[in-house]
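Here are a few exercises to work through with the model open beside you. Try each one before reading its solution.

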Amino acid sequence: MPSLLAGFSDAALPKTFKDAVWITRQLGKRYLWIDSLCIIQPTAEDNSDWTIEGSKMSDIYRNSWLTIAASSASNSLGGCLFGRLGSEFEIGPAPLFERAIRRDWEGGENIFDRNPDWLPTVRPNPPSWVNIVQKSPLGSRAWVLQERILSRRTLYASVQGFFWECAEKRASVYEPLGCSFDYMFRDNGLQTINQLLAEEQQPESLLGFRWRRIVEYYTRLRLTFESDRLPAIAGLAKPLGIHTGDTYLVGHWETTLCSSLLWFRLADEEGVEVRPAEGGLPSWSWAAMPGAVKFTSLDSRDYPTRQMDDYQMVATIASYTRLDGRVPQHTTLKITGRHRLVELGQTDLRILTIRKTISDFWAGHVPTSADIGQLGAVLTKPYEDEFSDDKMSVGIIYDAGERKSHEGLVLFQILSALRNDLAAAEARHEGLVLRRRGSAKGFERIGFFTSQYWGLFDGTEPETVELI
């Protein structure tokens, strides 16, 4: 620390930082902020500076003139500036044909005379934005997502050259007037925070559809410490909360809390044991479990799409405890709705013993991801056999992978169809799979369910339960 305060030569910096200094000077700017130099990095003994300064990062990136992203660097030694591809080769004449040709368009296919002005040309396709930015070493890090979305403009320095984006367009040295392909679709519709706040006038859409897209993209990225699962996205939540006046609750928003509980985990690598994320987060938060998550279709803009005019949210939020400082595990939620205890036996649902994938039993819109994996369990009425049309089935995706015991499950209804004459593949009910946590009064979430069984909640009345 004393040596940094006394000043130092940029020659002593690692290549990535040194290149960033050069870029800054070429742009005519005096100041450069580098987080690992400007924030004392946390240790097991002391993280006080990180706690204070880390909370300001959202303001720093959002108000910066330009963010420099070292896309091709996996560490501070990788660098931002690279030799232009092919610059090490000596350029000389290399005719593609022995004689240049000219086509007689009036004469059809006749080719005649040598014309040295008509030389064939080859133009390679420009490098892909997806590969250079999204799939780069830098782009795979979860912490970087909020830096990218918060920044007004970003310059990506890669081996293939410079790429840049702002609120108006994405471009590169190959396509300075703008990338030609539909990057918005391939980039999962990510937008900068300034675009989001300017285009989305309704908080329900901003904190619903837009936030779900951000979370789905974010949870696919890499974290060194699972305890950072919420801190690494907190910088995005801060300006959204200020703009909408809404309350942020461990990865969810008060306005859209009920619908955003309908998340499920995507499959892990086979054989990988799934454990809850560090930090003791409440079980109903998507941040409580590691790995990628997806939300059920809740908007006509979702893909696959769903006509929400045919559905309604039948559960309501009764109350919640506010986030207690830095102890998010103290956040509890009370929700009112219909639920039923699964009693496995001859008169109720039973476990279907055959193995089927999620696409075989998914009572709704099958997610597009190819690695959903297998359902934790399929419950069905006793008189249905393995060759049934599955209209009496309940498909469960457990948050922590497949369970050996399915006793004591509680199915809590959140989303319900308004009528039973929907297409055969459409879900009639979706909601949470709960279980009591020991002798505690409340329930913990252990999964998500979807069902075509119209009479699943017949004879039940709304009750309020506490989720912990």
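The exercises below look at one helix, one cysteine and several salt bridges in this predicted model.

**Exercise 1.** Find the span of helix α2 and set it against the expected value.

*Solution.* Start with the limits: α2 covers residues 15-26, which gives 12 residues. Next, take the distance from the first C-alpha to the last, 16 Å. At 1.5 Å a residue the expected value is 16 Å, and the helix comes close to that. Finally, look just past the end of α2, where Gly 28 has a positive phi of about 80°.

**Exercise 2.** Determine which residues of α2 are buried and which elements they pack against.

*Solution.* First, apply the cut-off: buried means under 20% relative accessible area. In α2 this picks out Thr 16, Phe 17, Asp 19, Ala 20, Val 21, Ile 23 and Thr 24. As a guide to reading such a list, an α-helix has 3.6 residues a turn, so residues three or four places apart point the same way. Then turn to the partners: the buried residues of α2 pack against helix α3 (35-38) and the strands β1 (67-70), β4 (153-158) and β5 (161-166).

**Exercise 3.** Is Cys 38 buried, partly exposed or exposed?

*Solution.* Begin by placing Cys 38, which sits in helix α3. Its relative accessible area is 40%. The partly exposed class lies between 20% and 50%, so Cys 38 is partly exposed. For a further check on its surroundings, go 12 residues along the chain to Trp 50: the two C-alpha atoms are 9.9 Å apart.

**Exercise 4.** How many salt bridges does the structure hold, and where do Arg 445 and Asp 399 lie?

*Solution.* The count is 7 salt bridges. One of them links the side chains of Arg 445 and Asp 399, at 2.9 Å from N to O. Arg 445 belongs to strand β20 (residues 443-451), while Asp 399 is in the loop between β17 (394-398) and β18 (410-417), so the pair ties together parts 46 residues apart in sequence. Both Arg 445 and Asp 399 are buried.

**Exercise 5.** Classify the partners in the salt bridges Glu 444–Arg 435 and Arg 170–Glu 165, then identify the network that includes Arg 170.

*Solution.* Take Arg 170 and Glu 165 to begin with: their closest N and O atoms are 2.8 Å apart, and both residues are buried. Now move to Glu 444 and Arg 435, whose side chains meet at 2.6 Å, N to O. Glu 444 has 11% relative accessibility and counts as buried, whereas Arg 435, at 28%, counts as partly exposed. As for the network, salt bridges with shared partners join Arg 148, Glu 165 and Arg 170.

Definitions and conventions:
Residues are numbered from 1 along each chain as its sequence is written. This is a predicted model: local features need pLDDT of at least 70, side-chain atom pairs count only at pLDDT 80 or more; totals for chains, interfaces and linings use all residues. Side-chain values use heavy atoms; hydrogens and water are left out. Helices (H or I, at least four residues) and strands (E, at least two) are DSSP runs, numbered from the N terminus. The expected span of a helix is 1.5 Å times one less than its number of residues. Buried means under 20% relative accessible area, exposed over 50%, partly exposed in between (1.4 Å probe, protein chains only). Contact means heavy atoms within 4.5 Å. A salt bridge is a side-chain nitrogen of Lys or Arg within 4 Å of a carboxyl oxygen of Asp or Glu.
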